[in-house]
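Open the model in your viewer and keep the sequence panel beside it. This tour tells you what to select next and what you will find there.

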Amino acid sequence: MVRGPGAHATGRPWHAGAVTVHRREVLGALGVAAGSTLLGALGCGAHAPTIRRAPQVSGEVRTWLHDAVARLASTYPVVHALAVSRHRTTAAFDVLGSGLAHLHASGVVLTVRGHDGTWREHITNELTSAGVEAATRALGASRQRASIDCGRAPAPPDEPPHVDDRDLRQRAERLLG
């Protein structure tokens, strides 16, 4: 076995090994305040309780998915569609000040099964009319639509209370003070 310079006895290069970072090392290198803020933002420490909210589905997303399913159903015997949208806001405080981070993630999954039994799916993070249309075309949907019955739309859930950035900062400061 020929080993190049810097290779371990296992034959792997030096940079292929696992890296372990301990909490104490991060706190010592960045300082306690900045390190604890970073570790908290990365999900280290106590887990916040999960708050389940009713899913918010707009009528236009439902229309895009119904259209995609109808077009795919004219070509494939089995069609599934799923759309997800998530919003998350994180507040962090340390000796240097405060900060807010907003995250929005969305995605669409279209799955079909062909007449021969093979499954295909297309996944995109574009929860837009153009994104759903592109995913539908990628699966080879025809322009004609099959007649499908998706049933009644469920009653829209109550909107969660709106919290603006200033209110979120004040709430976090009260927790620390």
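Start with the surface of the whole chain. About 13,300 Å² is exposed, and carbon and sulfur atoms supply 55% of that area. Accessible areas come from the Shrake-Rupley method with a 1.4 Å probe; for residues, only the protein chains shown count as cover.

This is a predicted model, in which local features need pLDDT of at least 70, side-chain atom pairs count only at pLDDT 80 or more, and totals for chains, interfaces and linings use all residues. Residues are numbered from 1 along each chain as its sequence is written, and side-chain values use heavy atoms, with hydrogens and water left out.

Now colour by pLDDT, the predictor's confidence in each residue, from 0 to 100. The chain average is 76, and 66% of the residues score at least 70. Select residues 52–56. The pLDDT there is below 50, and beyond near neighbours in sequence the stretch has 8 contacts in the model. Contact means heavy atoms within 4.5 Å.

**The overall layout**

Switch to cartoon. You should find 5 helices and 3 strands. Helices (H or I, at least four residues) and strands (E, at least two) are DSSP runs, numbered from the N terminus. Along the sequence the pattern reads α-α-α-β-β-β-α-α. Of the contacts in the chain with a separation of 6 or more, 56% are between residues 24 or more positions apart. Of the 177 residues, 16% count as buried. Buried means under 20% relative accessible area, exposed over 50%, and partly exposed in between (1.4 Å probe, protein chains only).

**The strands**

Select E1 (residues 78–94) and E2. The two run antiparallel and are joined by 17 bridges. Strands pair if DSSP finds at least two bridges between them. A hairpin links E1 to E2 through 2 residues. For one bridge, pick Ser85: its partner in E2 is Ser106.

Add E3 (residues 119–124). E2 and E3 pair in the antiparallel sense over 6 bridges. They too form a hairpin, with 5 residues between them. In that turn, Gly117 has a positive phi of about 95°. Pick Arg113 next; its bridge partner in E3 is Trp119. Then pick Leu110, which stands opposite His122 in E3.

**The core**

Which residues have the most contacts inside the largest nonpolar core? Show side chains for Leu72, Val79, Val108, Leu110, Val112 and Val132. The core has 16 residues. The elements giving two or more residues to this core are helix H3 (59–73), strand E2 (97–113) and H4. H3 supplies the largest share, 6 residues. A nonpolar core is a set of buried Ala, Val, Leu, Ile, Met, Phe, Trp, Tyr and Cys residues joined through side-chain atoms within 4.5 Å. In soluble globular proteins, nonpolar side chains tend to be buried together.

Centre on Val79. Leaving aside neighbours within four places in sequence, Val79 is in contact with Val69, Leu72, Ala73, Thr111 and Val112.

**Helix H4**

Select residues 129–138, which make up H4. Gly131, Val132, Ala135 and Thr136 are buried here. These residues lie on the same side of H4, because they cover an arc of only 135° around the axis. The arc is that of the directions from the helix axis to the C-beta atoms. Rotate to the face turned away from the buried side: it carries the exposed residues Ala130 and Arg137.

Zoom in on Thr136. Its relative accessible area is 1%, so Thr136 is buried. Beyond its neighbours within four places in sequence, Thr136 is in contact with Ala68, Arg71, Leu72, Leu110 and Ala141.

**Two last stops**

Step to Gly140, in the loop between H4 and helix H5 (165–176). Just after H4, Gly140 takes a positive phi of about 80°. At a relative accessible area of 41%, Gly140 is partly exposed. Draw a distance from Gly140 to Leu72: these residues are 68 apart along the chain, and their C-alpha atoms are separated by 7.8 Å.

Finish at His66 in helix H3. Is His66 buried or partly exposed? With 33% relative accessibility, His66 counts as partly exposed. Leaving aside neighbours within four places in sequence, His66 is in contact with Ile148 and Cys150. C-alpha to C-alpha, His66 and Ala81 are 8.6 Å apart in space and 15 residues apart in sequence.
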